[in-house]
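Visitor: Before we begin, I would like each label to be justified against its criterion as we go.
Guide: Then let us look at the structure together and take the labels one at a time.

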Amino acid sequence: MRSSARTINFTLNGRSVSVNVQPHHNVVEMLQAQFALFGARESCGQGLCGCCTVLVDGRPLSGCLYLAVFLDGTEVVTVESLAPTGKLDPVQQAFIECGAFQCGYCTPGFVLMTKALLEQTSDPDDEQIRDHLSGNLCRCGAYPEIVNAVKLAARKSKAGSTG
Amino acid sequence: MQLGFSMFEKMHVDGGQITNASLADYKIPAIHDVPPVMENMTVDAVQDNGPFGAKGVGELATFGVSPAIANAIDDAIGVRLTELPMTAEAVLRGLYVKDNRPLGDD
């Protein structure tokens with residue numbers, strides 16, 4: 001049987017990788033099966049909950065809907081890259097300090113969305129935060145704490161970048 | 001959680017089959033649906049049959065949410081809803097019932 005696998009090359013968390021993927025595999029399947037990265041989780045599988053968020057060329061997208069072959073030539077960031085040396089990213093630290101989760105299943109998606117937001121807007125207000133995170137669902141209902149965490153992350157990131 | 005049960009989450013069943021079995025049709029609260037500030041109050045109470053008078057926590061805290069919202073609706077427009085979820089449609093139907101013009105099923 002002829003294999004329909006394609007070879008794609010992209011940057012994954014700062015490292016150049018080359019991998020064979022089936023045309024029907026989505027990003028989450030590929031990250032889990034081929035790279036043992038489980039931070040992006042499939043929850044609804046319909047692009048409605050944001051648990052599978054990954055950043056592709058800095059843009060957040062749903063890994064459950066995006067086909068892995070489309071990643072060819074892109075730069076992909078998953079939640080695993082935020083603390084490469086074990087030191088947490090300001091966003092992760094802010095989520096912990098604000099208690100912005102209960103079970104934590106949705107947290108990687110919220111953290112990456114927050115990273116993307118803070119790239120665009122260093123000092124977002126409540127309304128911008130809510131609008132930006134409206135596509136992410138948290139069944140535990142930690143939304144007020146998440147909004148606080150984003151604001152704390154913004155302050156931490158600013159403090160970090162100015163020295 | 002209880003806010004979702006109280007206001008949004010209606011499971012539609014047709015012949016034993018759930019017909020809104022996805023997050024597209026069965027909406028759960030998202031970040032715009034939750035009030036920015038939620039006041040909590042702890043009431044001291046001894047549970048005689050629990051260890052050292054202790055009582056389970058967690059979902060017990062949800063019991064107050066639905067009655068509070070139902071009371072608020074009653075207070076605002078004089079419609080007493082007795083079923084969950086208390087959707088916008090349920091409130092509208094309640095208003096028509098109050099006006100002696102109940103709406104049909106469709």
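Guide: Over all chains, this predicted model holds eight salt bridges.

Visitor: What makes the pair K158(A) and D123(A) a salt bridge?
Guide: The closest N and O atoms of K158(A) and D123(A) are 3.7 Å apart, and the criterion asks for a side-chain nitrogen of Lys or Arg within 4 Å of a carboxyl oxygen of Asp or Glu, so the pair qualifies.

Visitor: Which parts of chain A does this pair tie together?
Guide: K158(A) lies in helix α5 (residues 143–161), whereas D123(A) lies in the loop between α3 (107–120) and α4 (126–132), so the bridge ties together parts that are 35 residues apart in sequence.

Visitor: Why is D123(A) called exposed, while K158(A) is called partly exposed?
Guide: D123(A) has 53% relative accessibility and K158(A) has a relative accessible area of 39%; since exposed means over 50% and buried means under 20%, with partly exposed in between, D123(A) takes the label exposed and K158(A) the label partly exposed.

Visitor: How do you know that D74(B) and R80(B) form a salt bridge?
Guide: Their side chains meet at 2.9 Å, N to O, which is within the 4 Å that the criterion sets, and therefore the pair is counted. Both partners are partly exposed, D74(B) at 25% relative accessibility and R80(B) at 44%.

Visitor: Where do R93(B) and E89(B), which also form a salt bridge, lie in chain B?
Guide: Both lie in helix α3 (residues 88–98) of chain B, four residues apart, about one turn of the helix. An α-helix has 3.6 residues a turn, so residues three or four places apart point the same way. The closest N and O atoms of R93(B) and E89(B) are 2.9 Å apart.

Visitor: What makes G39(A) buried?
Guide: Its relative accessible area is 9%, and buried means under 20%, so G39(A) is buried. G39(A) is placed in the loop between α1 (27–35) and β3 (53–56) of chain A, and, leaving aside neighbours within four places in sequence, is in contact with C51(A), V79(A), E80(A) and P108(A).

Visitor: Why is α3(A) described as mostly covered?
Guide: Of its 14 residues, 11 are buried, and these include P108(A), F110(A) and L117(A); because buried means under 20% relative accessible area, each of those residues falls below that limit. The buried residues of α3(A) pack against β3, β4 (59–62), β5 (75–77), α2 (90–98), α4 and α5 of chain A.

Notes:
Residues numbered from 1 in each chain as written. Chains lettered and ligands numbered in written order. Predicted model: local features only at pLDDT ≥ 70, side-chain atom pairs only at ≥ 80, totals over all residues. Heavy atoms only, no water. Helix = DSSP H or I, 4+ residues; strand = E, 2+ residues; numbered from the N terminus. Buried < 20%, exposed > 50% of the residue type's maximum accessible area, 1.4 Å probe, protein only. Contact = heavy atoms within 4.5 Å.
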